[in-house]
Amino acid sequence: MHLEQPITTKGWLNVADMNNEALKLVGWLISSFDNLDRLVPGFQVKISNHPIITFDLETNLPSPKLKKVFPQLSGAENAQFRINIPLHTLPLNLYPLQDSLVEITPILDTNVGQSLFAIVEPSLAQPSIEDINTIGGVFLPVGLEFLAYLVNYAHLKPTDHILDIGCGVGRMAYTLAYYLEPTAKYEGFDIVENLIQWNQDNITPQFPNFHFQKVNIQNTWYNPTGNIAAQDFQFPYADASFDVIFLTSVFTHLRGYETAHYLDEIKRVLKPGGRCLFTCFLITAESQELIDAGKSSQNLIHNLGDCLTSSLENPELAIGFPESFVESLISDRGFSLLSKNYGSWCGRQEFTTYQDMVVILKNFP
């Protein structure tokens, strides 16, 4: 099964302003195409999945802040764009625009780039700072970032049934609530009870097709009193239930044998042709060299046999795997590798997101 990938683009999108006259979007975006960093001349724009034809576009604007943050990124000095959408040109069925999901797709020559997303004045409550800090300290921007990865790399569709393993305090559920249709099914589970409770109290009442449950898996870092070993946990779902499954920062806290078991369960509950996106720390020749040079944010130096950790006292704090080990887990279970994108965690200069990101496909029998 061949799934075409968009060309590589890097970018960010934000709703700058909405008044009685226009919706204004601002962001930055550059493209690497034919091994040359090139600015993107145009966009396709959708609001709530409705194509928008009439808008004003300014591109190649100065972006000194971006260049300061990413000095090594070619084209970063003129990567800003602005989109102005006159409200009187929009069809009436799009009103009110509050809670609308905006999607822009860059166009370069005859190719399309990776879509970017933003939400217009979201009314859904966001978690407390304390709960957000539990999952890394950033909420909506990361949720929108990974919604784009799911659409671009895992080919997520608004009608897909989706499983969120380690859903936390709903960072991905929040953005998916604005993307998925009411007929789509979202299931999420996590081992931290108060995070699951927040999801149940805030997301499910407004989006009844979103379901969350707490599972009592033992984890030294997040749930030390759990009574189920990760390698024994059976996902509480029927075979072939989901089109897309994703795990962000889950395999970074599991040993190799536990990760192998999770992939067995993922294969069981994923439909043929279904995709799984997961993040992890891959030990490659490049990342090993950067770790040895002291440039990595994760000092994965302690070998535990089927994984490496940064702490012998608390191994599950941060775990990485040799790339060959992960590749063997994928191939041994009959998955196909759709894409692999390396992260910035080890200090590399060219990256997609913080952790390494892998997308696999369950083949048809």
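1. Quick definition before we start: a patch here is made of residues with over 30% relative accessible area and no salt bridge, with like charges joined within 9 Å and nonpolar side chains (Val, Leu, Ile, Met, Phe, Trp, Tyr) within 5 Å. A salt bridge is a side-chain nitrogen of Lys or Arg within 4 Å of a carboxyl oxygen of Asp or Glu. Areas come from the Shrake-Rupley method with a 1.4 Å probe, and for residues only the protein chains shown count as cover.

2. Keep in mind that this is a predicted model, where local features need pLDDT of at least 70 and side-chain atom pairs count only at pLDDT 80 or more, while totals for chains, interfaces and linings use all residues. Numbering runs from 1 along each chain as its sequence is written, and side-chain values use heavy atoms, leaving out hydrogens and water.

3. Now look at the surface: Trp 221, Tyr 222 and Leu 317 make a nonpolar patch there, together offering about 270 Å² of accessible area. Leu 317 sits in the loop between β18 (308–309) and β19 (319–322); strands are DSSP runs (E, at least two residues), helices likewise (H or I, at least four), numbered from the N terminus.

4. Next, the open sheet: 7 strands in the order β13-β12-β11-β14-β15-β21-β20, with mixed pairing. β13 (210–214) and β20 (335–341) are at the edges with a single partner strand each, so one side of each has no neighbour in the sheet. Two strands pair if DSSP finds at least two bridges between them.

5. Inside that sheet, β14 (242–247) and β15 (270–280) pair in the parallel sense over 5 bridges. Leu 247 has Phe 278 in β15 as its bridge partner.
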